[in-house]
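Reader: I'd like to go through this one question by question. Keep it informal, please, and tell me what each term means when it first comes up.

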Amino acid sequence: GKVHELDASLKETATTEVGANPTCLVVATQTSGFIATSRGEAKISWVSGGEVVRELADSRMTDPMCASETPALSAKGYDGNAVVVLVSDYEGQQLHSYLSAQATIPSGAAVGTDDAFTYGGAYAVAGKPWGVSVTVDIQ
C-alpha cells in the first residue's frame with residue numbers, strides 16, 4: 001500500500017510505502033505528519049516528509065484497523081505530557097493503548113521511554129471497532 005501526498009495544487013509531493021492494505025490515515029496530533037494503519041501487515045506507521053519515521057507492530061494486535069494519538073495537552077494549566085496511541089483491533093474486538101514516548105506527569109515524574117512503545121493494555125468491546133479517536137478530559 002502506497003500513500004501519495006499532495007500539495008494544495010494537487011501536485012504529488014511524496015509517495016510512501018506504508019504496508020499492505022492501508023485502512024486508516026489520520027493526522028498525527030502530537031508528532032509531525034500522519035499515521036497510517038496497515039491491516040495487511042498488522043502495523044502502524046508514522047509518516048513525515050515522505051518517509052516512515054516510526055512503526056508499531058505488536059502480536060497482541062490481531063487486526064489493526066485504525067490508530068489515533070492523544071491531542072496536545074495544553075489546557076487548563078495542565079503541565080504534564082503524554083503521547084498515547086489508541087488502536088482499534090477489528091477481529092480482536094479490542095482497543096489497544098500504547099504510550100508512544102516518555103511521558104511527564106504533573107509531579108515531574110517520567111514514565112516510559114523515548115525509544116520504545118509501552119503497552120498500556122486493552123479494552124474489550126462488544127462489536128468490531130472500526131475507527132478510533134482520542135480525547136482528553138482535564139478537570
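**Chatting through the model**

Reader: Leaving aside its neighbours within four places in sequence, which residues is glutamate 5 in contact with?

Author: Contact here means heavy atoms within 4.5 Å. Once you skip the neighbours within four places in sequence, glutamate 5 is in contact with Lys11, Glu12, Thr13, Ala14, Thr16, Phe34, Val47 and Gly50.

Reader: Before we go on, what kind of model is this?

Author: Residues are numbered from 1 along each chain as its sequence is written, and side-chain values use heavy atoms, with hydrogens and water left out. Local features need pLDDT of at least 70, side-chain atom pairs count only at pLDDT 80 or more, and totals for chains, interfaces and linings use all residues: this is a predicted model.

Reader: Back to glutamate 5: how far away is the nearest side chain of opposite charge?

Author: Glutamate 5 sits in strand β1; helices (H or I, at least four residues) and strands (E, at least two) are DSSP runs, numbered from the N terminus. It is buried, where buried means under 20% relative accessible area, exposed over 50% and partly exposed in between (1.4 Å probe, protein chains only). For charge, Lys and Arg count as positive and Asp and Glu as negative, while His and the chain ends are not counted. Glutamate 5 has no salt bridge (a side-chain nitrogen of Lys or Arg within 4 Å of a carboxyl oxygen of Asp or Glu), and the nearest side chain of opposite charge, lysine 2, is away by 13 Å.

Reader: Which residue has its backbone nitrogen 3.4 Å from a polar atom of the side chain of glutamate 5?

Author: A polar contact is a pair of N or O atoms within 3.5 Å; within protein, one must be able to donate a hydrogen and the other to accept it, and residues adjacent in sequence count only if both atoms are side-chain atoms. The backbone nitrogen lying 3.4 Å from a polar atom of the glutamate 5 side chain belongs to glycine 50.

Reader: How many salt bridges does the count come to?

Author: One joins the side chains of aspartate 58 and arginine 60 (3.0 Å, N to O). Glu41, Lys43 and Glu55 are linked in a network of them. The total number of salt bridges is five.

Reader: Arginine 39 and aspartate 63 meet in a salt bridge; what is the N to O distance?

Author: The pair links distant parts of the chain, 24 residues apart, with arginine 39 in the loop between β4 and β5 and aspartate 63 in the loop between β6 (51–56) and β7. Arginine 39 is partly exposed because its relative accessibility is 30%, whereas aspartate 63, at 8%, counts as buried. Their N to O distance is 2.7 Å.

Reader: Which residue forms a salt bridge with glutamate 91?

Author: Glutamate 91 is partly exposed, with a relative accessible area of 43%, and its partner is partly exposed too, at 41%. Glutamate 91 lies in the loop between β8 and β9 (94–99) and the partner in the segment after β12 (118–124), so the pair ties together parts that are 37 residues apart in sequence. With the closest N and O atoms 3.3 Å apart, the partner is lysine 128.

Reader: Which cysteines does a disulfide join?

Author: The structure holds one disulfide, meaning a pair of cysteine sulfur atoms within 2.5 Å. It links distant parts of the chain, strand β3 (residues 22–27) and strand β7 (residues 64–69), 42 residues apart. Both partners are buried. At an S to S distance of 2.0 Å, the pair is cysteine 24 and cysteine 66.

Reader: Which residues make up the largest nonpolar core?

Author: A nonpolar core is a set of buried Ala, Val, Leu, Ile, Met, Phe, Trp, Tyr and Cys residues joined through side-chain atoms within 4.5 Å. In soluble globular proteins, nonpolar side chains tend to be buried together. The largest core has 10 residues: Ala28, Ile35, Ile44, Trp46, Leu56, Met61, Ala67, Val85, Val87 and Tyr98.

Reader: Where is leucine 10?

Author: Leucine 10 has a positive phi of about 70° although it is not a glycine. With 65% relative accessibility, leucine 10 counts as exposed. Its place is in the loop between β1 (2–6) and β2 (12–17).
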